Each structure stands twice: as structure tokens, then as C-alpha cells.
Amino acid sequence: MNFLKLPNLLFTTFSFLIFCNPIFSQKLDPEGRDFFKPDHIIKSEITNKEYFIHMSFPKNYSIQDSITYPVLYVLDGKSTFGYFESSYIDSEKIEDVILVGISHKVNGVESKINRFNDYTPYRDTITDKRIEKKFDVEKGTIKTGGAVKFLECLKKEIIPFIEKHYKTNSDRGISGHSLGGLFTAYCFLNSENYFIRFGINSPSFQLNEEIFLEPAIVKFTNNKTWNIEPTKVFISTGENESPMMVSNMIKFSLYLKKSNYENIDMNWKIYRNESHTSVIPFSLNGTLINLYGK
């Protein structure tokens with residue numbers, strides 16, 4: 001071997017390792033963003049839908065260092081991103097975390113149609129017909145049961161995009177409200193350690209009660225152990241939401257708490273005097289404090 005060439009070889013090898021390492025690879029700089037516009041629009045080949053991405057970063061986030069951060073993916077981000085950096089969020093009580101809001105690009109009834117498809121674990125034709133009548137849309141417009149595809153979209157398209165362009169680590173969380181809460185609960189039971197923090201807020205368990213909620217309770221009752229990574233779960237609802245929503249949330253929470261899984265840190269809360277809509281900022285703050293509290 002020609003030892004005179006060794007320094008050049010070492011330099012080339014070292015440079016290759018640096019630029020192939022995601023920590024050192026080029027990342028997008030959040031400076032100069034327009035807070036009121038989406039940071040990205042992602043077209044999914046899996047769901048054939050387009051998604052808005054709204055982001056919020058820790059105060060000291062910089063592309064000049066090698067610090068990486070956990071990420072909380074928040075469903076319906078178009079309607080919740082305004083709370084990310086508002087007075088509702090007690091940032092002094094939580095660790096540094098990147099917030100990523102995910103929502104459908106379309107608005108109005110189209111957005112609602114997409115939510116019922118993406119966020120529901122199983123097909124429910126009774127719900128399909130009832131919602132079609134409520135929205136006054138054509139028969140066959142509402143198709144529940146697309147959660148499998150949407151979870152695949154998150155794991156193969158949206159989250160890899162975020163992890164490629166921003167300084168993230170493998171500590172992933174997901175949070176949702178209403179139908180988003182149902183989807184988050186579905187992820188809790190089915191994402192196999194891909195997420196390790198879950199904010200299940202005002203979950204619409206009544207839509208898939210017999211084919212999702214009841215089997216979940218059977219699982220909590222019969223399985224004395226659960227072989228998953230250390231996981232944090234926060235579950236909430238507003239006191240003035242529908243009696244069925246409140247009772248189902250309590251049922252899910254009590255059975256999970258009673259299972260006493262040693263690797264699951266679980267808390268739940270009912271927000272006094274809050275409705276299905278007014279509870280949103282409080283449940284988001286509760287999610288952050290319980291999942292990322294200092």
C-alpha cells in the first residue's frame with residue numbers, strides 16, 4: 001500500500017461518513033417562515049390525498065448544531081397549529097419538542113369526508129349512511145375504514161420527509177382530537193413501537209365501538225403483559241361532551257389503567273365545563289405536559 005496516499009484516503013473516507021450521516025446532512029432552516037402558511041404540502045401516493053404540514057420548533061432550534069429533538073405529530077394541524085405557540089401552551093413545563101401539524105389540504109365538506117376515511121380503523125356502513133345524510137352528499141361519498149392506509153402514509157411518506165429535512169430523533173409521538181383521537185388510539189394498539197407517546201383526546205370510540213373499543217378492552221383485560229417500548233399515554237375529554245363520548249373514554253382509560261402495564265405511563269383527565277370544541281387547546285396543553293413534562 002502507498003502510505004503517501006493514506007492521508008488523502010482518510011480525508012475522503014471521513015468526509016463521506018460526515019455527509020452520509022443524517023446528523024451532519026443538510027437540514028432546512030426554519031428561520032424566515034410565514035407562521036400562517038403551511039411549511040410544506042405533501043402529496044401521498046398511498047392515500048391519493050394532499051396534506052398541509054404546519055410546524056413549530058423549540059426556541060433554541062438551530063441547524064448549526066447537532067442537537068436532535070423528539071417530534072409530536074398533531075392531527076388536524078390546520079385547525080390546531082394556532083395553539084402551538086399561544087398562551088395555552090405552557091412551554092416552561094415541557095421539554096424541547098418539534099410539533100408537526102398534519103391536515104388535509106381541502107376544506108369544508110371535502111375535508112370532513114377525508115377525515116372520516118383516514119381516521120377510522122374499520123369500515124362502518126351504518127356510519128357511512130348517517131354521515132352522508134348529515135352532510136347531504138351522494139350515496140357512496142363517505143367511506144370509513146382508511147386508517148391502515150393513512151398510518152402507512154405517515155410511516156412511509158410524511159414522517160420520513162420530516163426526518164430527512166429536520167433535526168429529529170426516533171422519539172415519535174402522535175396526538176389527535178375526536179376522529180383524530182380515535183386514530184391515535186388505533187396507533188397506540190397497532191403501530192408496534194413506531195410511536196411511543198400518545199395523546200388520545202375526545203376519541204370518537206362510538207364509531208367503531210364493537211369492532212375497536214370492545215376488543216381493546218378485552219386485550220387490556222386478558223393480556224397481563226405487553227411487550228412494547230416504554231410508552232406514555234394521555235387520554236382526555238371535556239365534561240360537556242356527549243355522554244357516550246365521555247363514558248367510552250372513561251371505560252377505555254379505566255381498563256388500561258387497571259391493566260397496570262409496567263412499561264406504560266398512563267394518565268387521563270376530564271376537563272370541567274368544556275365542550276367538544278372548547279376543550280381542544282386544553283387537551284393539547286395537557287398532552288404536552290403529560291407526554292413531555294420536564
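In what follows, two strands count as paired if DSSP finds at least two bridges between them, and the structure discussed is a predicted model.

Q: In what order do the 8 strands of the open sheet lie?
A: The protein has 9 helices and 8 strands. The 8 strands form an open sheet in which the pairing is mixed. Its edge strands, each of which pairs on one side only, are β1 (40-43) and β8, and neighbouring strands are turned against each other by 20 degrees on average when direction is ignored. The order is β1-β2-β4-β3-β5-β6-β7-β8.

Q: Which strands of the sheet does helix α3 touch?
A: Helix α3 (residues 108-118) packs on the sheet, and its direction makes about 110 degrees with that of β4. The buried residues of this helix are Ser 111, Ile 113, Asn 114, Arg 115, Phe 116 and Asp 118, and they pack against elements that include the helices α4 (125-135), α5 and α6. The strands touched by α3 are β2 (50-56), β4 (98-104) and β5.

Q: How many of the residues of strand β6 are buried?
A: Across the protein, 49% of the 294 residues count as buried. In a regular strand the side chains alternate between the two faces of the sheet. In β6, Arg 197, Gly 199 and Asn 201 point one way while Phe 198 and Ile 200 point the other way, and all are buried. For strand β6 (residues 197-201), the count of buried residues is therefore 5 of 5.

Q: How many bridges join strand β5 to β6?
A: Strands of a sheet pair through backbone hydrogen bonds, either parallel or antiparallel. Strand β5 (residues 168-177) and β6 run parallel, and one of the partnerships in this pair links Gly 176 with Ile 200 of β6. The number of bridges that join β5 to β6 is 5.

Q: Which residue of β7 is the bridge partner of Asn 201?
A: Strand β6 is also joined to strand β7 (residues 231-238), with which it runs parallel, by 5 bridges. Within β7, the bridge partner of Ile 200 is Ile 235, and the bridge partner of Asn 201 is Ser 236.

Q: Through which helix does the chain cross from β6 to β7?
A: Before this crossing, β5, helix α6 (residues 179-190) and β6 make a right-handed β-α-β unit. The β-α-β crossover from β6 to β7 is right-handed, and the helix that the chain passes through is α7 (residues 209-222).

Q: Where does helix α5 bend?
A: At 1.5 Å a residue, the 19 residues of helix α5 (residues 147-165) should span 27 Å, and this agrees with the 25 Å between its end C-alpha atoms. The helix nevertheless has a bend of about 40 degrees. The buried residues of α5 include Phe 150, Leu 151, Cys 153, Glu 157 and Ile 158, and the residue at the bend is Leu 154.

Q: Is Lys 49 buried or exposed?
A: Lys 49 lies in the loop between β1 and β2. Its contacts, not counting residues up to four places away in sequence, are with Ile 42, Lys 43, Ser 44, His 104, Asn 114, Asn 117 and Asp 118, and its C-alpha atom is separated by 7.5 Å from that of His 104, 55 residues apart along the chain. Because its relative accessible area is 11%, and a value under 20% is the cut-off, Lys 49 is buried.

Q: What percentage of the contacts with a separation of 6 or more is accounted for by residues 24 or more positions apart?
A: The contact between Lys 49 and His 104 is one example, since these residues are 55 residues apart along the chain. Among the contacts in the protein with a separation of 6 or more, the share from residues 24 or more positions apart is 76%.

Q: Is Glu 192 buried or exposed?
A: Most residues other than glycine have a negative phi. Glu 192, although it is not a glycine, has a positive phi of about 50 degrees, and it lies in the loop between α6 and β6. Because its relative accessible area of 70% is over 50%, Glu 192 is exposed.

Q: In which loop does Asn 273 lie?
A: Asn 273 also has a positive phi in a residue other than glycine, with a value near 60 degrees. At 55% relative accessibility, Asn 273 counts as exposed. The loop in which Asn 273 lies is the one between β8 (264-271) and α9 (280-292).

Definitions and conventions. Residues are numbered from 1 along each chain as its sequence is written. This is a predicted model: local features need pLDDT of at least 70, side-chain atom pairs count only at pLDDT 80 or more; totals for chains, interfaces and linings use all residues. Side-chain values use heavy atoms; hydrogens and water are left out. Buried means under 20% relative accessible area, exposed over 50%, partly exposed in between (1.4 Å probe, protein chains only). Helices (H or I, at least four residues) and strands (E, at least two) are DSSP runs, numbered from the N terminus. A crossover is right-handed if, with the strands pointing away from the viewer, the path from the first strand over the helix to the second runs clockwise. The expected span of a helix is 1.5 Å times one less than its number of residues. The bend at a residue is the angle between axes fitted to the seven residues ending there and the seven starting there. Axes are lines fitted to C-alpha atoms, for helices over the stretch in contact, and angles run from 0 to 180 degrees between N-to-C directions. Contact means heavy atoms within 4.5 Å.
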